[in-house]
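Thanks for coming. I have one model to go through today, and I will keep to how its chains meet. Please have a look at it first.

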Number of protein chains: 2
Amino acid sequence: MDRTPPPSSRTQVKRLPARGDYDPATIHAILDATFLCHVGFQAPEGHTVVIPTAFGRDGGRVFLHGSAASHMLRSLRDGIELCLTATLVDGLVLARSVFHHSINYRSVMVYGRAQPVVDEAEKLHGLEVVSNHIAPGRWAATRQPSPQELKATMVLVLPLSEASAKVRTGPPGDEEADYALPIWAGVVPMTTVYGTPQPDPRLTPGIPQPVPLLGSRLQG
Amino acid sequence: MDRTPPPSSRTQVKRLPARGDYDPATIHAILDATFLCHVGFQAPEGHTVVIPTAFGRDGGRVFLHGSAASHMLRSLRDGIELCLTATLVDGLVLARSVFHHSINYRSVMVYGRAQPVVDEAEKLHGLEVVSNHIAPGRWAATRQPSPQELKATMVLVLPLSEASAKVRTGPPGDEEADYALPIWAGVVPMTTVYGTPQPDPRLTPGIPQPVPLLGSRLQG
């Protein structure tokens, strides 16, 4: 089978290389199954920081957003190197031996430098992407940003040109001799689900909840 | 209310400081509600790397484990600085304005240096902690590591002495004028749940699945 090669040496999956996948379709599908990522970078003070944040994907790039006062965004807008990692846990892999226990997961790592989005129309587009990535259709259903709100929000864009995926699926792989042991083995699936929406205590009565929008996208 | 002060300036939550919490009880409870963390550090080549990995908590420290061939563990065992972040997403906070949308979450950040565990009994203890953190009771139910497997496994320990939690709960906080808008607002809870266990295709018939162990611990 022809496989997409890694885009750089640092994106190449070294441990268990068979789990590596550099096909943009795989990478995009994983990013679209979650909205949470962890962004790591070197703080101006010199230590490494890992911050959880939401993102939105738009073709071959992701948008990050947040307060213009955010330390993370202010550090990243200067074009420093970052590593963005998004991970979905799909199940516990319970083996017969402690040693062969594992986790089924899908993860994506992206290396690169984020650029601040300054053009106002492009900034609104970035915010729309993030908003609809988290809650499809939500952008059009809510009050749009005022000029003041837009000014207080920073939007960064990161290309997916240096990205890799790593995926584990399937049952445990036990030592041959261990298959005879009287120990239960298999996979316990894990999924993230939405619960019953909790209306704002100040919600005006009679407004229907946007169930179709939210039911349409589940992790896992 | 007396609050635990931050253990260092870099652990102090700067953005929205009211969300910061340095009480070990809060930090431990968040770490106990998940087993996935993201570890960031500077790779020997100079760039920042963020790797998803499992962990286990034991009092005021966490254990990490993995293959002795793991690049991450081999980098970290030399005592380089790391940042370990664990995040639970508890819900989408849907506001009436795009601007006030948010996410309910609990996260923990730990700074420090991990130490390799070399003593064999302590290494087994660390593996037991990780194993039981992921799947309570699983350690005693499975075949213990052979000397060879133990040798092939690296265990690192990281103190929780420089840690912070950040938590958001509750409904959206909209602009006063927006409460009159005919837009649904509230929180859509998100939880991670376990599905029906999938027996290993090679499972010896008649072995009951360890339901009580797995049903006892859910995220969220």
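Start with the strand pairing between the chains: strand S11 of chain A, residues 198-199, pairs with S10(B) in the antiparallel sense, over two bridges. To find the place on screen, go to Gln198(A), whose bridge partner in S10(B) is Val187(B). Keep in mind that this is a predicted model.

Now the whole interface. On the chain B side, 80 residues are in contact, and they touch 79 residues of chain A. Which elements of chain B give two or more residues to that side? Among the strands there are S2 (36-42), S3 (48-58), S5 (81-94) and S6 (102-113), and further along chain B also S10 (186-194) and S11 (198-199). Two helices of chain B are on the list as well, H3 (120-134) and H4 (138-141). S10(B), the strand from the pairing I began with, gives the most, with nine residues. If you sort the chain B side by class, you get 45 nonpolar residues, 23 polar and 12 charged.

Next, how the two copies are arranged. A turn of 180° with a shift of 0.0 Å along the axis lays chain B on chain A, and the RMSD is 0.0 Å. The copies are therefore related as by a two-fold rotation axis. Which residue of chain B comes closest to that axis? That is Thr192(B), with its C-alpha at 2.1 Å.

Last point: do not look for two separate kinds of surface here. Of the interface residues of chain B, 99% are also interface residues in chain A, so the copies meet through the same surface.

Technical notes:
Residues are numbered from 1 along each chain as its sequence is written. Chains are lettered from A and ligands numbered from 1 in the order in which they are written. This is a predicted model: local features need pLDDT of at least 70, side-chain atom pairs count only at pLDDT 80 or more; totals for chains, interfaces and linings use all residues. Two residues are in contact if their C-beta atoms, placed from the backbone, lie within 7 Å. Helices (H or I, at least four residues) and strands (E, at least two) are DSSP runs, numbered from the N terminus. Ala, Val, Leu, Ile, Met, Phe, Trp, Tyr, Cys and Pro count as nonpolar, Asp, Glu, Lys and Arg as charged, and the others, Gly among them, as polar. Two strands pair if DSSP finds at least two bridges between them. Copies are superposed by least squares on the C-alpha atoms of residues with pLDDT of at least 70 in both.
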